[in-house]
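Q: Please give a close account of one helix in this model and of the sheet on which it rests. I would like the account to extend to the strand pairings and to the charged side chains.

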Amino acid sequence: MSTKRDPNMSNTTTGTLPLDDGAALHRIEAPAPAPNRIIESLITADNYMDIPPQRWFMPGWVIEGGTTAVYGEPGCGKSFWTLGLALEAARGGQWCLHDFRKPRRVLYIAPEAGRSHVERVRGWIDRHTHQWPATFHLADVQVNIYTDQAVSEITQAIEELGPLDLVVLDTLASATAGLDENSSQMNVVTENLETIRRALGDRAALIVVHHTGKDQTRGLRGHNSLLGYVTGSMLVTKENGNGTHKVEMKKVRDGKAPLPLYYRIETTELPPIVDEDGRQHAREVGVMVPVDYVEAATDTMTQMYETMLQHYRLGDTFTTREVLEVTGLGRGPGGKAITRGLDMGLWERTGAGRTTRYRFIGRPSDVPTLDLSTDDEVNA
């Protein structure tokens with residue numbers, strides 16, 4: 001059965017279609033194709049010079065537009081160190097040998113121990129005779145960044161507080177309560193962290209405080225997607241024997257890692273609490289402060305350095321075996337002293353494996369209390 005074609009019907013796909021009552025039915029135009037984000041974001045020979053260079057929030061340690069992890073074992077001082085960084089940035093002070101010069105706007109989210117952080121801030125204020133920095137904001141609310149609600153609340157807070165320079169999440173474990181850190185669920189967490197970081201923009205930094213696993217040498221605890229995501233990571237460890245805490249970069253996306261730095265937690269007394277019976281209860285709180293290489297050096301390190309000044313010139317190389325024979329130290333303490341010397345920049349490693357040697361650099365100015373009576377001979 002065939003149908004007759006209406007002679008008024010147009011062959012085109014545009015225009016109008018006549019209806020029986022004389023009205024016209026307009027055709028809907030096909031939507032324009034969506035722009036290709038890859039093509040639009042291409043960096044080429046024509047525009048690469050327009051791309052701004054990466055900027056550091058704290059040179060060598062924390063980069064703007066990135067996510068940095070500060071991690072370590074329980075009790076290592078990682079929260080003390082991160083809080084110290086945040087407070088010094090907020091007052092325009094110094095941290096990690098960097099002078100912030102002007103106050104930075106900071107949001108510190110501490111769902112795990114926000115109230116104890118208030119006490120630590122009070123101790124910091126008492127020690128430095130400063131007021132609570134006007135640009136430092138502390139939130140002790142419980143959040144779970146595995147959920148969209150928490151991410152929305154954080155990004156909204158970033159918007160309402162105005163342009164921020166730094167956001168800290170302390171700790172990641174407390175902000176992902178009930179989550180299996182070793183599962184692929186961490187992929188969702190890293191995606192949400194990136195959402196928060198993007199809300200900050202490219203001129204701000206995000207820091208997450210985290211824990212090590214059972215094997216500290218394997219780095220951040222949990223699924224390896226977290227280590228793959230972060231821009232950089234630094235390990236905080238508590239040194240045995242001299243009461244210092246060591247901070248060293250473990251992952252650096254670009255450039256060379258800075259030398260490790262050392263800190264100490266010093267006790268500050270706060271005004272006592274008076275209970276209902278009128279009895280006073282003392283209050284003490286720890287404040288992390290930087291220490292120089294002299295205070296970080298151990299007796300073994302001092303012994304090794306003094307002996308090497310008598311046997312090596314600057315620029316000379318040595319093996320572990322050679323220096324142990326010269327110093328008379330055992331392999332255990334001697335090996336640790338060699339590692340400490342590397343941290344201090346007193347010598348540098350050359351070669352690898354069986355060909356490993358160390359070049360004696362010196363830099364006695366970093367360890368001024370050591371016996372430098374033979375220093376002129378060394379530099380002769």
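A: Directly after helix α5, Gly 201 adopts a positive phi of about 90°. The model is a predicted one, and α5 covers residues 185–200 within it. With 16 residues at 1.5 Å a residue, α5 should span 22 Å, and its end C-alpha atoms lie 24 Å apart, which agrees. The buried residues of this helix are Met 186, Val 189, Thr 190, Asn 192, Leu 193, Glu 194, Ile 196, Arg 197 and Leu 200. The recurring spacing can be read against a general rule: an α-helix has 3.6 residues a turn, so residues three or four places apart point the same way.

The buried residues of α5 pack against several elements, namely β5 (67–72), α4 (148–160), β10 (166–170), β11 (205–211) and α6 (225–229). Charged residues occur in the buried set as well, among them Glu 194 and Arg 197.

The sheet beneath the helix is open and consists of 9 strands in the order β9-β8-β10-β11-β5-β12-β13-β14-β15, with mixed pairing. Its edges are β9 (136–139) and β15; each has a single partner strand, so one side of each is left without a neighbour in the sheet. On average, and with direction ignored, neighbouring strands are turned by 25° against each other. Helix α5 packs on this sheet by touching β5, β10 and β11, and its direction makes about 150° with that of β11.

The β12 to β15 portion of the sheet can be followed strand by strand. Strand β12 (residues 232–238) runs antiparallel to β13, and 7 bridges join the two. Within that pairing, Gly 232 stands opposite Val 252 of β13. Strand β13 (residues 245–252) is in turn antiparallel to β14 (residues 261–274), to which 3 bridges join it. One of the pairs here places His 245 with Tyr 263 as its bridge partner in β14. Strands β14 and β15 (residues 280–291) are also antiparallel and are joined by 11 bridges; among the partners, Thr 268 is matched with Val 285 in β15. The hairpin of β14 and β15 has 5 residues between the strands, and Gly 278 takes a positive phi there, near 85°.

A further glycine with positive phi follows helix α10: Gly 345, with a value near 80°. Helix α10 (residues 331–344) has 14 residues, and the distance from its first C-alpha to its last is 20 Å, close to the 20 Å expected at 1.5 Å a residue. Its buried residues are Gly 334, Ala 337, Ile 338, Arg 340, Gly 341, Leu 342, Asp 343 and Met 344.

The charged side chains complete the account, with a count of 15 salt bridges. In helix α2 (residues 78–91), Glu 88 and Arg 91 lie 3 residues apart, about one turn of the helix. Their side chains meet in a salt bridge at 3.0 Å, N to O. The two partners differ in exposure: Glu 88 is buried, with a relative accessible area of 4%, whereas Arg 91 is partly exposed at 30%.

Helix α9 (residues 320–327) holds another pair, Glu 325 and Arg 321, 4 residues apart and thus separated by about one helical turn. The closest N and O atoms of their salt bridge are 3.4 Å apart. Both partners are exposed, Glu 325 with a relative accessible area of 56% and Arg 321 with one of 62%. Also in α9, Glu 322 is linked to Arg 357 of strand β18 (residues 357–360), 35 residues apart, so that the pair connects distant parts of the chain. Their closest N and O atoms are 3.3 Å apart in this salt bridge. Arg 357 is partly exposed at 27% relative accessibility, and Glu 322 is partly exposed at 31%. Salt bridges with shared partners also join Glu 194, Arg 197, Arg 198 and Asp 202 into one network, which returns the account to α5, where Glu 194 and Arg 197 are among the buried residues.

For the wider setting, the protein chain comprises 11 helices and 18 strands, and buried residues make up 44% of its 380 residues.

How values were computed: Residues numbered from 1 in each chain as written. Predicted model: local features only at pLDDT ≥ 70, side-chain atom pairs only at ≥ 80, totals over all residues. Heavy atoms only, no water. Salt bridge = Lys/Arg side-chain N within 4 Å of Asp/Glu carboxyl O. Buried < 20%, exposed > 50% of the residue type's maximum accessible area, 1.4 Å probe, protein only. Expected span 1.5 Å × (residues − 1). Contact = heavy atoms within 4.5 Å. Pairing = 2+ DSSP bridges. Axes fitted to C-alpha atoms, helices over the stretch in contact; angles between N-to-C directions.
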